[in-house]
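Hi everyone, thanks for coming. Let me put today's protein up on the screen, and then we'll walk through it together.

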Amino acid sequence: MKTMKPTLLEISQFGRRLGTRSEGASARRVLLAALDALPDGGQLALSLEGLDVLSGSFADEAIGKVCQLLSSGVHGDRTVVIHSPSADLVEDLDDKLAQRKLAMLCRVGGKDGDWRVLGRLARPLVETLELLHERGSATTKELAEELGIPANACHNRIRRLVLLHLVREEKIAAVAPNAQYRFHAIPG
């Protein structure tokens with residue numbers, strides 16, 4: 001699967017202290033335009049560098065609602081990730097995503113920082129996502145074998161991760177009666 005360089009969008013362009021829903025609604029329009037401008041399979045990386053405050057109201061209105069739209073499938077195979085200089089800065093976003101029963105990936109601590117999941121993701125899904133990140137890519141069968149679970153249970157897990165845009169799928173074969181897919185960790 002071809003990986004594309006993420007398109008970086010600096011959230012600090014909206015101010016250093018982001019607190020209101022109306023500010024978030026204005027920012028959301030810019031985020032959606034940037035997301036729509038990406039080719040299918042593109043990734044929008046939202047940088048929180050330079051922010052002093054990211055309130056829950058702004059975060060929910062701008063980022064939470066974009067994440068909600070993304071999980072509905074409106075934006076195709078595009079993904080959104082967060083780059084944050086600190087874990088403190090994304091605490092409110094984490095809470096807002098959890099309230100919406102959504103999740104997204106966040107790199108904390110700069111370009112060499114660790115990836116973590118923001119929002120709500122059941123432990124079995126986190127376990128599957130972590131394994132896929134370790135491997136880079138895998139089929140459902142390979143993941144099921146390594147996790148020691150039935151293939152149908154693994155399939156259900158991976159489908160949820162795809163719907164949340166936390167992993168990408170690539171059709172590798174059209175074998176009757178079902179197509180076969182390889183799943184890829186994001187970011188690439």
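How many cavities of 30 Å³ or more does the count come to? One, by the rule used here. Please keep in mind as we go that this is a predicted model.

Let's start with that cavity. The largest cavity has a volume of about 30 Å³. Its lining is made by Cys67, Leu70, Val80, Ala103, Met104, Leu164 and His165. Two elements give two or more residues to that lining: α2, which covers 56-71, and β6, which covers 103-108. Sorted by class, the lining has six nonpolar residues, one polar residue and no charged residues.

Now hold on to α2, since we'll meet this helix again with two partners.

The first partner on my list is helix α1, residues 21-37. The axes of α1 and α2 come within 7 Å and cross at roughly 35°, and the crossing is right-handed. If you'd like to find the contact on the screen, look on the α1 side for residues including Arg21, Ala25, Arg28, Leu31 and Leu35. On the α2 side, look for Phe58, Glu61, Ala62, Val66 and Leu69, among others. Leu70 of α2 takes part in this contact, and you've already heard Leu70 named in the cavity lining. By class, the α1 contact with α2 has 11 nonpolar, two polar and six charged residues.

The other partner is helix α3, residues 91-99. Here the axes of α2 and α3 come within 9 Å and cross at roughly 50°, so these two helices are oblique to each other. The crossing of α2 with α3 is right-handed. From α2, the contact uses Gly56, Ser57, Ala59, Asp60, Ile63, Gly64 and Cys67. From α3, the contact uses Asp92, Leu93, Lys96 and Leu97. The residues of this contact divide into five nonpolar, three polar and three charged. Notice Cys67 in this contact, because I'd like you to link it back to our cavity: Cys67 is in the lining too.

Let's move along the chain to another helix pair. At what angle do helix α5, residues 140-147, and α6 pack? The angle is about 115°, with the axes 9 Å apart. That makes α5 roughly perpendicular to α6. This crossing is right-handed as well. The contact is made by Thr140, Leu143, Ala144 and Leu147 of α5, together with Ala151, Cys154, His155, Arg157 and Ile158 of α6. By class, that gives six nonpolar, two polar and one charged.

Last topic: backbone angles. Most residues other than glycine have a negative phi. So which residues should you look at here? Lysine 101 is one, with a positive phi near 60°, and it lies in the loop between α3 and β6. Histidine 165 is another: it is not a glycine, yet its phi is positive, about 60°. You'll find histidine 165 in the loop between α6, residues 151-163, and β9, residues 167-175. And there's a link back to where we began, with His165 among the residues that line the largest cavity.

That's my tour. Thanks for listening, and do shout if you'd like to see any part again.

Note on methods:
Residues are numbered from 1 along each chain as its sequence is written. This is a predicted model: local features need pLDDT of at least 70, side-chain atom pairs count only at pLDDT 80 or more; totals for chains, interfaces and linings use all residues. Side-chain values use heavy atoms; hydrogens and water are left out. On a 1 Å grid over the protein atoms alone, a cavity is a set of points where a 1.4 Å probe fits but cannot get out, and a pocket is an open set with protein on both sides within 12 Å along at least five of seven lines; lining residues have an atom within 4 Å of a point. Grid points are joined across faces, edges and corners, and a volume is the space filled by probe spheres set on the points. Helices (H or I, at least four residues) and strands (E, at least two) are DSSP runs, numbered from the N terminus. Ala, Val, Leu, Ile, Met, Phe, Trp, Tyr, Cys and Pro count as nonpolar, Asp, Glu, Lys and Arg as charged, and the others, Gly among them, as polar. Axes are lines fitted to C-alpha atoms, for helices over the stretch in contact, and angles run from 0 to 180 degrees between N-to-C directions. Angles under 35 degrees count as roughly parallel, over 145 as roughly antiparallel, 65 to 115 as roughly perpendicular and the rest as oblique. A crossing is left-handed if the near helix is turned anticlockwise from the far one by less than a right angle, and right-handed if clockwise. Contact means heavy atoms within 4.5 Å.
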